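Here is a friendly walk through one protein model, starting from a single residue and working outwards. Keep the viewer open as you read.

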Amino acid sequence: MKGADERIRPPQGRTGLRQADAPMHENGGSSASAAELEIRARIARHGRIAFAEFMQLALYHPAGGYYSRGGAVGADGDYFTSPSAHPAFGALIAAQLRRMWEILGRPAVFHAVEMGAGSGRLAADVSARAAGLGPDFAAALRYIAIDRSRPVSRGKAPPFHRIAAAGAPLGRVAGCFISNELVDAFPVHRFVTRDGKPREIYVTERRGELVEEPAEPSTPALAQRLDRLPHRLPDGRRGEVNLEIGPWMAEVSEALERGFVVTIDYGRLERELYSETRPRGTLQTYYRHAPGSSPYRRVGCQDITSHADFSEILHQGRRAGLNAVAFASQADYLRMLGIERWIQALRTAPIRQTERHANLMAMRQLVDPSGLGGFNVLVQEKGTGVDDLSSLAPAPGAASPPLLTEEHVPLMEGRYPHAAWELG
Ligand SMILES: C[S@@+](CC[C@H](N)C(=O)[O-])C[C@H]1O[C@@H](n2cnc3c(N)ncnc32)[C@H](O)[C@@H]1O
């Protein structure tokens with residue numbers, strides 16, 4: 001997480017606990033990962049590969065990709081996300097799903113399909129809360145947690161289904177597709193503009209180093225995305241184009257018979273995403289909670305991410321038959337779901353001071369505009385008739401929020417290592 005003096009700046013992307021890059025082993029302390037070996041082998045065969053192919057291998061190579069090796073959400077990992085920060089996030093999403101179930105006419109089966117479910121933290125917190133949201137809803141809810149990199153759980157059966165897949169191998173869903181920080185993990189094409197046209201950035205090898213090489217785009221889709229921008233990009237501008245958004249929206253819409261799509265991520269609309277404030281684009285790496293800028297270090301051992309292009313999600317969603325209901329900040333969305341009432345309730349809850357501080361801090365982080373609260377939430381719908389966010393507001397539910405567990409990131413200890421015992 002960024003320091004107090006940086007709090008008015010917009011979020012940089014994934015949320016880490018440290019402020020700046022620190023000296024680290026180039027490759028997480030080990031020799032070249034299987035992902036890097038495969039990348040170098042492909043470069044040897046073809047001379048160069050598109051950055052999107054590089055990113056695909058660095059994150060998802062079956063043996064050596066960052067996510068295939070287990071990803072790294074949490075205090076011991078590389079970054080934290082909203083579900084890992086506090087269980088209130090999942091509990092509020094549970095209330096949202098219940099409201100959506102009501103809007104759909106309380107069907108006997110209501111699917112919540114989470115794509116990019118990672119460790120399953122959100123799935124677990126939603127399921128735990130849903131059990132107390134009325135027997136009919138609890139019986140109707142079928143939570144399916146999908147992740148391309150996660151094996152099906154072998155331990156104690158969780159209260160949700162897990163599917164290891166890249167996509168949504170489902171059909172005729174009545175319910176809700178939901179994702180948190182999925183789109184920012186899609187491999188992106190990178191470009192630099194020259195003479196008014198995009199040149200694609202490829203990755204090649206020179207004297208043993210992985211380096212960039214701009215050349216003719218590998219696909220016309222790159223220029224087609226930039227042609228839809230409301231403004232022309234000046235020469236020298238760098239950026240990313242996320243070509244996985246189209247197929248993803250098409251697949252989700254095809255699988256969704258009736259219901260909603262909730263996409264939560266850091267990102268921007270195109271006017272800001274491709275503006276002069278980001279002349280080098282938004283690509284960023286994360287390693288042990290420190291942001292970095294070179295994707296060619298620690299290949300397969302550090303996260304690589306870019307801001308979600310919400311204009312493209314809206315555009316591709318419309319093409320696929322999904323109507324936009326609302327586009328809000330995470331802070332406004334969670335307020336609509338009732339987080340402020342829970343923050344108030346915590347102030348007087350009969351719990352130890354240390355616990356109160358830790359819970360308040362994590363819940364405030366969820367709505368902090370310079371932290372997770374600055375993320376965006378896009379709600380789309382199909383066949384429900386809902387066209388504004390206020391229709392999605394749930395009736396006030398439980399008076400108090402769930403409290404942090406050992407499964408969540410101890411943000412307070414991470415930020416103020418002395419605070420836990422000082423306040424206790
Ligand atoms: C940044 S992590 C977010 C994990 C989790 N949602 C959270 O908030 O902690 C992104 C996850 O999306 C998964 N993923 C990426 N592309 C996917 C796809 N096409 N289908 C399913 N999962 C995908 C990755 O394997 C990774 O676990």
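Ser-127 sits in helix H5. The model is a predicted one, so every value below is computed from predicted coordinates. Is Ser-127 buried or exposed? Ser-127 is buried, because 20 other C-beta atoms lie within 10 Å, and a residue counts as buried at 20 or more. Leaving aside residues up to four places away in sequence, Ser-127 touches Tyr-143, Pro-159 and Phe-160. Ala-138 is 11 residues from Ser-127 in sequence, and the two C-alpha atoms are 8.4 Å apart in space.

**The helix around Ser-127 and its partner**

Helix H5 spans residues 121-130 and lies across strands S2, S3 and S5. Its direction is at about 175 degrees to S3. Helix H4, residues 87-103, lies across S2 (110-115), S3, S5 (173-180) and S10 (256-265). With respect to S5, helix H4 runs at about 155 degrees.

How do H4 and H5 meet, and at what angle do they cross? Their axes come within 8 Å, with a crossing of roughly 60 degrees. That angle makes H4 oblique to H5, and the crossing is right-handed. On the H4 side, the contact involves Pro-87, Phe-89, Gly-90, Ala-91, Ile-93, Ala-94 and Leu-97. These meet Leu-122, Asp-125, Val-126, Arg-129 and Ala-130 of H5. Sorted by class, the contact of H4 with H5 has 9 nonpolar, 1 polar and 2 charged residues.

**The sheet beneath these helices**

The strands crossed by H4 include S2, S3, S5 and S10, and these strands belong to an open sheet of 7 strands. Reading across, the order is S4-S3-S2-S5-S10-S17-S16, and the pairing is mixed. Strand S4 (161-164) and strand S16 (323-329) are the edge strands, each pairing on one side only. From neighbour to neighbour, the strands of this sheet are turned by 15 degrees on average, direction ignored.

At the S4 edge, strand S3 (residues 141-147) is joined to S4 by 4 bridges, and the two strands run parallel. Ala-145 stands opposite Arg-162 in S4. If you are following side chains along such strands, a general point may help: in a regular strand the side chains alternate between the two faces of the sheet.

**A second, three-stranded sheet**

Another open sheet has 3 strands in the order S13-S12-S14, with antiparallel pairing. S13 and S14 stand at its edges; each has a single partner strand, so one side of each is left without a neighbour in the sheet. The twist averages 30 degrees from one strand to the next.

Strand S12 (residues 284-287) pairs with strand S13 (residues 290-292) through 3 bridges, and with strand S14 (residues 303-305) through 3 bridges as well. Both pairs run antiparallel. The table gives residues that face each other across these strands.

| Residue | Opposite residue | Strand of the opposite residue |
|---|---|---|
| Gln-284 | Thr-305 | S14 |
| Thr-285 | Gly-292 | S13 |
| Tyr-287 | Ala-290 | S13 |

Which residue takes a positive phi in the hairpin of S12 and S13? Arg-288 does, with phi near 45 degrees, in a hairpin that has 2 residues between the strands.

**A helix pair earlier in the chain**

Helix H1 (residues 34-46) and helix H2 (residues 51-60) form another crossing, their axes coming within 8 Å at roughly 155 degrees. This makes H1 roughly antiparallel to H2, since angles over 145 degrees count as such. The crossing of H1 and H2 is right-handed. Ala-35, Glu-38 and Ile-39 of H1 make the contact with Phe-54, Leu-57 and Ala-58 of H2. By class, the contact of H1 with H2 has 5 nonpolar, no polar and 1 charged residues.

**The whole protein**

Stepping back, the protein has 15 helices and 17 strands. Of its 424 residues, 47% are buried, and Ser-127 is one of the buried residues. Among contacts with a separation of 6 or more, 77% are between residues 24 or more positions apart.

Key. Residues are numbered from 1 along each chain as its sequence is written. This is a predicted model: local features need pLDDT of at least 70, side-chain atom pairs count only at pLDDT 80 or more; totals for chains, interfaces and linings use all residues. Two strands pair if DSSP finds at least two bridges between them. Axes are lines fitted to C-alpha atoms, for helices over the stretch in contact, and angles run from 0 to 180 degrees between N-to-C directions. Two residues are in contact if their C-beta atoms, placed from the backbone, lie within 7 Å. Angles under 35 degrees count as roughly parallel, over 145 as roughly antiparallel, 65 to 115 as roughly perpendicular and the rest as oblique. A crossing is left-handed if the near helix is turned anticlockwise from the far one by less than a right angle, and right-handed if clockwise. Ala, Val, Leu, Ile, Met, Phe, Trp, Tyr, Cys and Pro count as nonpolar, Asp, Glu, Lys and Arg as charged, and the others, Gly among them, as polar. A residue is buried if 20 or more other C-beta atoms lie within 10 Å of its own, exposed if 12 or fewer, and partly exposed in between; C-beta atoms are placed from the backbone.
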